Amino acid sequence: MENRNSWYVWVALILALGLIVSSSIVTWGLLRVKAAGNTITVTGSAKKEIVSDLAVWTGNFSVRTKDLKTGYNQLKVNEATVKKYLMEQGIPEKDIEFSSINTGINYVIGPSGQYTSEIESYVLNEEVKVQSKDVQKIKQLALQATDLMNQGLEFQSYPPQYFYTKLPELKVKMLSLATQDAKRRAEEIAGNAGSKVGALRSARMGVFQITPRYSNEISDYGINDTSSLEKEITAVVSCSFEIR
């Protein structure tokens, strides 16, 4: 009889301990939910239209020859022609940069259609680059530079690239504006629930999108458009605020 009473006591203790543990788990779970409900995470953004203040234009001219020395001399003559033309267009000499000469070899194709070891000709080419803050002048130059072909040059003009040199300073300002936008969104959401927004707990910066104006293009890795003179920069930031 005594053993049976002891068994009842142990069962009662085990059940009581189980209730205590279960109660603790439930209470801990409620605390987690409550703690999670004390913050709100929103995404804010800011946009600004900018106009490029630096332009880079490149062109390429080449000579095909059977003799390297002759080809080199002709290329240097063409280089002087290109330089003279650019300066006549109002480009300062300090803004004109020529690359080193690249040499390619064309081999004779045999009767079977395969290349042989016999040299058919050499192709020498050189690149010219103009970098200027006068973006309108560079834009016009890119359109007119093929006039050099009328002077007997094998010349190719590439589309200019446009940059904004004050971008680092602008990014800091854009992040501040995006954070302010995130707080406004959080206040609107919290206000609808009868709560108030407290201090900023964390902020995570997203990628910057620099796109042509009026473009809807976005990328997870960010975009840095250099093809357009007029651009739009978008900053995104994810912020978590306290809720009271």
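## A walk through the chain

Tyr 214 is exposed, at a relative accessible area of 69% (exposed means over 50% relative accessible area, buried under 20%, and partly exposed in between, with a 1.4 Å probe and protein chains only). Tyr 214 sits in the loop between β9 and β10, and its phi is near 70°, a positive value in a residue other than glycine. Most residues other than glycine have a negative phi.

Before going further, a word on what you're looking at. This is a predicted model, where local features need pLDDT of at least 70 and side-chain atom pairs count only at pLDDT 80 or more, while totals for chains, interfaces and linings use all residues. Residues are numbered from 1 along each chain as its sequence is written, and side-chain values use heavy atoms, with hydrogens and water left out.

Now the overall picture. The chain has four helices and 11 strands (DSSP runs numbered from the N terminus, with H or I over at least four residues for helices and E over at least two for strands). Of its 244 residues, 32% count as buried. Among contacts between residues at least 6 apart in sequence, 74% join residues at least 24 apart; a contact here means heavy atoms within 4.5 Å.

Let's start inside, with helix α3 (residues 135-144). Val 135, Ile 138, Leu 141 and Ala 142 are buried there. Looking down the axis of α3, you find these buried residues within an arc of 115°, so they line one face of the helix (the arc is taken from the directions from the helix axis to the C-beta atoms). And what covers them? The cover for the buried residues of α3 includes β2, α2 (68-88), β5 (115-132), β6 (154-157) and β7 (161-163).

Two of those covering elements are worth a stop. In strand β2 (residues 54-65) you'll find Thr 65, which is buried at a relative accessible area of 10%. A polar atom of the Thr 65 side chain lies 2.9 Å from the backbone oxygen of Asp 67. That is a polar contact: a pair of N or O atoms within 3.5 Å, where within protein one must be able to donate a hydrogen and the other to accept it, and residues adjacent in sequence count only if both atoms are side-chain atoms. Not counting residues up to four places away in sequence, Thr 65 also touches Thr 70, Gly 71, Ser 121, Tyr 122 and Leu 124. Over in helix α2 is Glu 79, a charged residue that counts as buried at 17% relative accessibility. Leaving aside neighbours within four places in sequence, Glu 79 is in contact with Phe 61, Phe 98 and Glu 126.

Next, strand β11 (230-243), home of Lys 231. Is Lys 231 buried or exposed? It's buried, with a relative accessible area of just 2%. The Lys 231 side chain reaches two backbone oxygens: that of Asp 225 at 2.8 Å and that of Tyr 162 at 3.1 Å. Beyond neighbours within four places in sequence, the contacts of Lys 231 include Lys 48, Glu 49, Ile 50, Thr 211 and Arg 213. Ile 210 is another contact of Lys 231, and although the two are 21 residues apart along the chain, their C-alpha atoms are separated by 6.6 Å. Further along, Val 236 is 9.5 Å, C-alpha to C-alpha, from Leu 177, with their places 59 residues apart in sequence. Leu 177 belongs to helix α4 (residues 167-192) and is partly exposed, with a relative accessible area of 35%.

That brings us to the largest pocket, with about 210 Å³ of space. On a 1 Å grid over the protein atoms alone, a pocket is an open set of points where a 1.4 Å probe fits, with protein on both sides within 12 Å along at least five of seven lines, and lining residues have an atom within 4 Å of a point. Points are joined across faces, edges and corners, and the volume is the space filled by probe spheres set on them. Of the 14 lining residues, Lys 47, Gln 209, Glu 217, Ile 218 and Thr 234 are the closest to the centre. β9 (209-212) and β11 each supply at least two lining residues, and β11 gives the most, with three. By type, the lining divides into four nonpolar, six polar and four charged residues (Ala, Val, Leu, Ile, Met, Phe, Trp, Tyr, Cys and Pro count as nonpolar, Asp, Glu, Lys and Arg as charged, and the others, Gly among them, as polar).

Finally, back to the loop between β9 and β10 (223-224), where Ser 219 has its place. Ser 219 counts as partly exposed, at 23% relative accessibility. Leaving aside neighbours within four places in sequence, Ser 219 is in contact with Val 207 and Gln 209.
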